[in-house]
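Biologist: I'm new to this one. Could you walk me through how to read it?

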Amino acid sequence: MEKPLSGAAGAAPGVEKPAPGAGRSAPGAEKTAPGAEKTAPGSARAAPGVKKSAPTSALRHVRWHLALALAVLAAVAYVARRHWPVLESGAGRLADADHGWLLLGAALTPATWLCAALAQQGAVTRPLPRARLVAAQFAASAANHLLPAGLGAGAVTLRFLLRCGVPAGRSATAVAVKGTAAVLARGALIAVLALGCPGVLRLPQVSATALAVAGGSALALAALLRGPLRPRCRRAAAAVLGDIRAVHARPGRAAALWGGSLAFAVLHALVLVAVGHAVGLPLAPARVALLYLAASSAAALLPTPGGLGSLDAVLAFALTAAGSPGATAASAVLGYRLLTAWLPLLPGLLVLGLLVRRRAV
């Protein structure tokens, strides 16, 4: 029998025999590509800092502020409920107020945003776009009524400075410099008006328990500042002092910082004076301004959004204690808050949304 031809019964090279790589899957065909079956880095596992849900110190700080703000608002709501007839009478008196004085107070309110913009420009050595700066301060005043203890205004101003190309460290210290100048300017005005109106500001009687609690809190704070917080506080203080020296090296910037801070506090006091004239508040303008500055400084210690509730209660109490009828004091406070907080709130939020959309903040 004849032998089969070579290659007839046997497969011809490359025909019956699988070609190299034909029976086996090509590299990456059957075998999944590197990272196909295995989850890609960062898909099943969260990226560093995303999966971890532990709140940062900033978030914890905001939560504590919000909790305290809610507690203060609840206390103010309770007091308002107990004194509702006085508030209702004050609202009625405001409706019958002198419209000329109310229009003057309304005209002074926008100037406060210009002064805030002037002070913020003074806290930064480089020039800022003027129109956007004023718009950002207007939006910051509205955002300040959404978050407690000035966090809203600080966040909007910080983002604005970053968008303007100011480095992050410089932006944070610029906000701190402006805040420090505002506190010092307010304190200087209180000292000057207190000399001109003796006997208006009286130290309250404090119990021994309250003094002990305040002393213990001061000691605990001093221990923290001398302990784990000391390096951070020293770095922050050094940065703020360095920016203060840089600002005061330019007389124009220093004049804008201090002039804007002083004018901002004075204009707010004048708004209250104008509203007081409109409702017939029986107090001298200098006394009303002094009471406003002292009450707003005290209310700033309570972290409510935009001083909501805390400023209203403290200011009404201060005006009443100075000799004003309760209904008249409530009417003056309601009018002041209406002009400086409630009427500009919606336009300010609209401006804030527009600035965010245009990536200006």
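Modeller: Let's go through some helix packing and then two single residues, keeping in mind that this is a predicted model.

Biologist: How do I describe two packed helices?

Modeller: Two packed helices are described by the angle between their axes and the distance between the axes. Try it on α11, residues 310–321, and α12, residues 326–357: their axes lie 9 Å apart and the helices pack at an angle of about 140 degrees.

Biologist: Which word fits the way α11 lies to α12?

Modeller: Oblique is the word for α11 against α12, because an angle has to be over 145 degrees to count as roughly antiparallel. The crossing of these two, α11 and α12, is right-handed.

Biologist: Which residues make the contact between α11 and α12?

Modeller: On the α11 side you'll find Leu-311, Asp-312, Leu-315, Ala-316, Leu-319 and Thr-320. From α12 come Gly-326, Ala-329, Ala-332, Val-333, Tyr-336 and Arg-337. Sorted by class, this α11–α12 contact has eight nonpolar, two polar and two charged residues.

Biologist: And how does α9 cross α12?

Modeller: α9 passes α12 in a right-handed crossing. Helix α9 covers residues 251–279, and its axis comes within 9 Å of the α12 axis, crossing at roughly 130 degrees. The pair α9 and α12 is therefore oblique.

Biologist: Which residues meet there, α9 to α12?

Modeller: His-268, Val-271, Leu-272, Val-275, Gly-276 and Val-279 of α9 meet a set in α12 that includes Thr-328, Ser-331, Ala-332 and Tyr-336. By class, the contact of α9 with α12 has seven nonpolar, six polar and no charged residues.

Biologist: Let's zoom in on His-268. Is His-268 buried or exposed?

Modeller: For that, look at the relative accessible area. His-268 has 12%, and buried means under 20%, so His-268 is buried.

Biologist: What does His-268 touch?

Modeller: Leave out residues up to four places away in sequence, and His-268 touches Thr-112, Tyr-292, Tyr-336 and Thr-340. Tyr-336 and Thr-340 also appear among the α12 residues that meet α9.

Biologist: One more, Ser-296. Where is Ser-296?

Modeller: Ser-296 sits in helix α10, residues 285–299. At 13% relative accessibility, Ser-296 counts as buried too.

Biologist: What is Ser-296 in contact with?

Modeller: Setting aside neighbours within four places in sequence, Ser-296 is in contact with Arg-186 and Leu-311. With Arg-186 there is a polar contact, side chain to side chain, at 2.6 Å. As for Leu-311, you've met that residue already, on the α11 side of the contact with α12.

Conventions: Residues are numbered from 1 along each chain as its sequence is written. This is a predicted model: local features need pLDDT of at least 70, side-chain atom pairs count only at pLDDT 80 or more; totals for chains, interfaces and linings use all residues. Side-chain values use heavy atoms; hydrogens and water are left out. Helices (H or I, at least four residues) and strands (E, at least two) are DSSP runs, numbered from the N terminus. Buried means under 20% relative accessible area, exposed over 50%, partly exposed in between (1.4 Å probe, protein chains only). A polar contact is a pair of N or O atoms within 3.5 Å; within protein, one must be able to donate a hydrogen and the other to accept it, and residues adjacent in sequence count only if both atoms are side-chain atoms. Contact means heavy atoms within 4.5 Å. Axes are lines fitted to C-alpha atoms, for helices over the stretch in contact, and angles run from 0 to 180 degrees between N-to-C directions. Angles under 35 degrees count as roughly parallel, over 145 as roughly antiparallel, 65 to 115 as roughly perpendicular and the rest as oblique. A crossing is left-handed if the near helix is turned anticlockwise from the far one by less than a right angle, and right-handed if clockwise. Ala, Val, Leu, Ile, Met, Phe, Trp, Tyr, Cys and Pro count as nonpolar, Asp, Glu, Lys and Arg as charged, and the others, Gly among them, as polar.
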